Amino acid sequence: MSAWRRNLLDWWTLYLAPWLPSWLPWRWAYPCYRWFARSACLHRERAVAAAGIAPLYVPVADQRAFMHDLRTVWLLDAADLALSRRGPVDRLPAHVTVEGSWPARGGFIAVGFHHAAALWAFHDLRRHGHATTMVLARLDEREFGADRVRYRYARDRIAELERVGGEACIHRPHARAKLLDALARGVAVISLIDVPPRLAPRGQQPVQLLGQPASLPVGALELARESGVPVVPFWVELDLHSGRRRLVIGAAHAPVAIDALRDALAALLDRLVRTQPAAWHMWQEWPAWLQAAAALHGTAQPSEA
């Protein structure tokens with residue numbers, strides 16, 4: 001596919017298709033997204049790759065339905081951005097509900113996953129008076145090559161996180177000093193912990209995930225222990241029948257026993273992915289992730305479930 005055709009398709013996939021139904025009431029908008037997600041051209045390469053990997057590790061009864069659900073999840077992720085950009089920073093849409101509560105005051109680290117979508121967590125934190133920042137890999141324009149729309153979309157997402165959170169995002173590597181300063185000022189730090197060694201090479205520790213010898217980075221947990229702030233797990237549950245989301249805020253943990261907390265977070269992620277594998281955004285990373293983690297477990301190669 002030529003560069004201009006690829007960019008045109010990306011413009012439809014990342015901007016127009018998410019934006020057009022977003023003006024409708026949700027009970028009408030969501031069926032539009034499900035209908036759009038039937039198109040195989042939406043996230044074609046990504047969906048084919050994920051659908052080839054996921055069934056090796058979790059049950060997938062119907063591959064076509066699974067790919068439809070994958071495309072729906074990714075489309076909703078972009079639709080959330082469209083809705084967020086034209087709304088107040090401290091308001092949630094009616095189709096997003098919340099269970100649990102954040103700490104009332106002070107800095108803390110909110111640990112989530114690349115499962116469903118985390119954008120509305122920023123809005124909920126601002127609803128409760130928390131300025132928020134997020135730990136991200138540094139955006140490198142060169143990695144996008146001729147994919148100009150994808151690069152613009154990545155920049156737009158970061159800009160919206162900073163608008164809603166009220167703080168600049170903090171980029172790896174060399175993020176420690178800025179994170180310590182943010183926590184000392186009472187800022188909530190969001191860290192999505194299911195990051196492969198390729199993107200977070202430091203601080204990876206062995207865990208079991210989907211029955212495989214995998215790894216998770218524990219830098220955020222160690223930072224919380226050093227700063228004396230709690231770790232608050234959160235996750236998003238998606239109803240694919242209605243498109244409604246539930247943001248679940250777990251109990252705050254004092255990060256004293258890092259190993260136990262790491263394993264508890266791995267078990268939570270395992271449950272989420274097994275319950276709704278189409279909502280996990282990291283399937284394409286998974287094979288290389290396991291290969292990189294094998295050395296931490298002292299094994300040559302991960303097995304296939």
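**Close-up views of a predicted model**

**View 1. Strand 1 and strand 9 run side by side.** Strand 1 runs parallel to strand 9 (residues 245-249), and four bridges join the two. Look for Val 98 here: its bridge partner in strand 9 is Leu 247. As you explore, keep in mind that this is a predicted model.

**View 2. Seven strands make up an open sheet.** Follow the strands across in the order 1-9-8-2-5-3-4, and you will find that their pairing is mixed. At the edges sit strand 1 (96-99) and strand 4 (170-172), each of which pairs on one side only. The sheet has a turn to it as well: ignoring direction, neighbouring strands are turned by 25° against each other on average.

**View 3. Helix 9 lies across two strands of the sheet.** These are strand 2 (108-112) and strand 8 (231-238), and the helix runs at about 5° to strand 8. Helix 9 spans residues 258-275, and Asp 259 is found in it. Is Asp 259 buried, partly exposed or exposed? Its relative accessibility is 44%, so Asp 259 counts as partly exposed. Now find Gln 205: it is 54 residues away from Asp 259 in sequence, yet their C-alpha atoms are 8.9 Å apart in space.

**View 4. A nonpolar patch lies on the surface.** Its members are Trp 11, Leu 16, Trp 19, Leu 20 and Trp 23, and together they have about 500 Å² of accessible area. One of them, Leu 16, belongs to helix 1, which covers residues 3-19. With a relative accessible area of 33%, Leu 16 is partly exposed.

Note on methods: Residues numbered from 1 in each chain as written. Predicted model: local features only at pLDDT ≥ 70, side-chain atom pairs only at ≥ 80, totals over all residues. Heavy atoms only, no water. Buried < 20%, exposed > 50% of the residue type's maximum accessible area, 1.4 Å probe, protein only. Patch = residues over 30% accessible without salt bridge, like charges linked within 9 Å, V, L, I, M, F, W, Y side chains within 5 Å. Areas by Shrake-Rupley, 256 points an atom, 1.4 Å probe, with all protein chains shown as cover. Salt bridge = Lys/Arg side-chain N within 4 Å of Asp/Glu carboxyl O. Pairing = 2+ DSSP bridges. Axes fitted to C-alpha atoms, helices over the stretch in contact; angles between N-to-C directions. Contact = heavy atoms within 4.5 Å.
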